[in-house]
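This briefing introduces a structure to a reader who has not met it before. Please view the sequence and the structure below before reading on.

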Amino acid sequence: MRASLVVLVVVAVLLTPVAGVGILAVLMFGHHQGEQASAAVCSVSLGDTTSLEATTASGATITLGATQLENAAAIIAAGNEAGAGQAGQVVALMTALQETRLLNLANPAVPESLSLPNDGEGSNYDSVGVFQQRPSMGWGAVADLMTPATSALIFYERLMSVGGWQDMAPGRAAQTVQRSAYPDAYDRWEPVADTLVSALSSVSCASSTSSGGVPAGLDEKRNAVVTFALQQVGDAYVWGAEGPDRWDCSGLVQGAYRQIGIELEHWSEAQRSAGREVSAAEALPGDIMWWPGHVAIYLGNGELVGAQGYSQGVVRIPVYGSPRYIRVIE
């Protein structure tokens, strides 16, 4: 079993505050070299903030929401890891702004993408993710392209392989990587990208490990579900797999609940309907966590175990986003 690396990030930004609203993003990192990317996780705290206003090159004012800021933070942090500098971060942000407005989009033409955490759907050929990279064109595994920080590392790798990119206008550098049918479209986003880099300039990673055993005090059924799931940490992610050493997200949950005689369907939407929804405050270890197209098992104390994708496999990581909690064990 391989240990997962957890990286904690605190971001100080000047954004539009909304009282009582906190945002926590989890950023998955992987080096896109070799068949299997190594994985890490960044938890980004944006504090009591939900938006940022910026002005495009044409003078239009736009407002970026919490999800877009989380993805921007992932791209900037990946740029720090890749050594791309602020110039590279600006190019990457301009690209993501033009392609998806900084949203991590799944695509019905790529069914696997629909089962992974996403911010909605797009429909441009087989393009997926925040950069709209195409698996069929050799950009990488779908799970990597659907992980904003990992897809950003892939983008930076392509960008930094272009000779003299630092001397190009940012829009031209973006076009050299993306080869868009609209080569001048990136230019309008340069001031917005500059604003994001400035606002999120304190993104950095400090490593700590995520480890620990089964939470204490669980009843027999919850202990069995959590124990089984944790025993699979380090296993590979494979679409449609149900074990014994490879899983997809709903396959892992299915396998864990099978230990207590509960047979769930191998489908995240069906698992969402397998029990009753409870609040995050009420959630107990062993409850199912559901996001659109994705499920995992709650461990308590702000952690989960899940089959997260090809570059992560089965990992124990901090809770991220805004999952729904489903109680099957009463």
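Contact means heavy atoms within 4.5 Å. The model described here is predicted. The briefing turns to an open sheet of 6 strands, to two helices, α8 and α9, that pack on the sheet, and to some backbone details.

**The sheet**

- The 6 strands of the open sheet follow the order β10-β15-β11-β12-β13-β14, and their pairing is antiparallel.
- Strands β10 (276–278) and β14 stand at the edges with a single partner strand each, so one side of each has no neighbour in the sheet.
- On average, neighbouring strands of this sheet are turned by 40° against each other, direction ignored.
- At the β10 edge, β10 is joined to strand β15 (residues 324–327) by 3 bridges, and the two run antiparallel; E277 has I326 in β15 as its bridge partner.

**Helices on the sheet**

- Helix α8 (residues 220–231) packs on the sheet and touches β12, β13, β14 and β15, with its direction at about 115° to that of β12.
- Helix α9 (residues 249–258) also packs on the sheet, where it touches β11 (288–291), β12, β13 and β14; its direction makes about 50° with that of β12.
- The axes of α8 and α9 come within 8 Å and cross at roughly 135°.
- An angle over 145 degrees would count as roughly antiparallel and one of 65 to 115 as roughly perpendicular; α8 and α9 are therefore oblique to each other.
- The crossing in which α8 passes α9 is right-handed.
- Where the two helices meet, V225, F228 and A229 of α8 are in contact with L252, G255, A256 and Y257 of α9.

**Strand β13 and its partners**

- Strand β13 (residues 303–307) is mostly covered, with 5 of its 5 residues buried.
- In a regular strand the side chains alternate between the two faces of the sheet.
- In β13, E303, V305 and A307 point one way, while L304 and G306 point the other way; all are buried.
- Strand β12 (residues 294–300) pairs with β13 in the antiparallel sense over 3 bridges, and I297 has V305 as its bridge partner in β13.
- The hairpin formed by β12 and β13 has 2 residues between the strands.
- To strand β14 (residues 314–318), β13 is joined by 5 bridges, again running antiparallel; G306 stands opposite V315 in β14.

**Helix α5**

- Helix α5 (residues 148–160) has 13 residues, which at 1.5 Å a residue should span 18 Å; the C-alpha atoms at its ends are 18 Å apart, in agreement.
- Because 10 of the 13 residues of α5 are buried, the helix is largely enclosed by the rest of the structure.
- Among the buried residues of α5 are P148, F155, Y156 and L159.

**Backbone details**

- Most residues other than glycine have a negative phi, and most peptide bonds are trans.
- N301, in the loop between β12 and β13, has a positive phi of about 55° although it is not a glycine. At 76% relative accessibility, N301 counts as exposed.
- Y125 has a positive phi near 50° and is likewise a residue other than glycine; Y125 is found in the loop between α3 (111–114) and α4 (142–145). Its relative accessibility of 61% means that Y125 counts as exposed.
- The peptide bond from G243 to P244 is cis, with omega near 5°. P244 has its place in the loop between β8 (236–237) and β9 (246–247).

Terms used: Residues are numbered from 1 along each chain as its sequence is written. This is a predicted model: local features need pLDDT of at least 70, side-chain atom pairs count only at pLDDT 80 or more; totals for chains, interfaces and linings use all residues. Side-chain values use heavy atoms; hydrogens and water are left out. Buried means under 20% relative accessible area, exposed over 50%, partly exposed in between (1.4 Å probe, protein chains only). Helices (H or I, at least four residues) and strands (E, at least two) are DSSP runs, numbered from the N terminus. Two strands pair if DSSP finds at least two bridges between them. The expected span of a helix is 1.5 Å times one less than its number of residues. Axes are lines fitted to C-alpha atoms, for helices over the stretch in contact, and angles run from 0 to 180 degrees between N-to-C directions. Angles under 35 degrees count as roughly parallel, over 145 as roughly antiparallel, 65 to 115 as roughly perpendicular and the rest as oblique. A crossing is left-handed if the near helix is turned anticlockwise from the far one by less than a right angle, and right-handed if clockwise.
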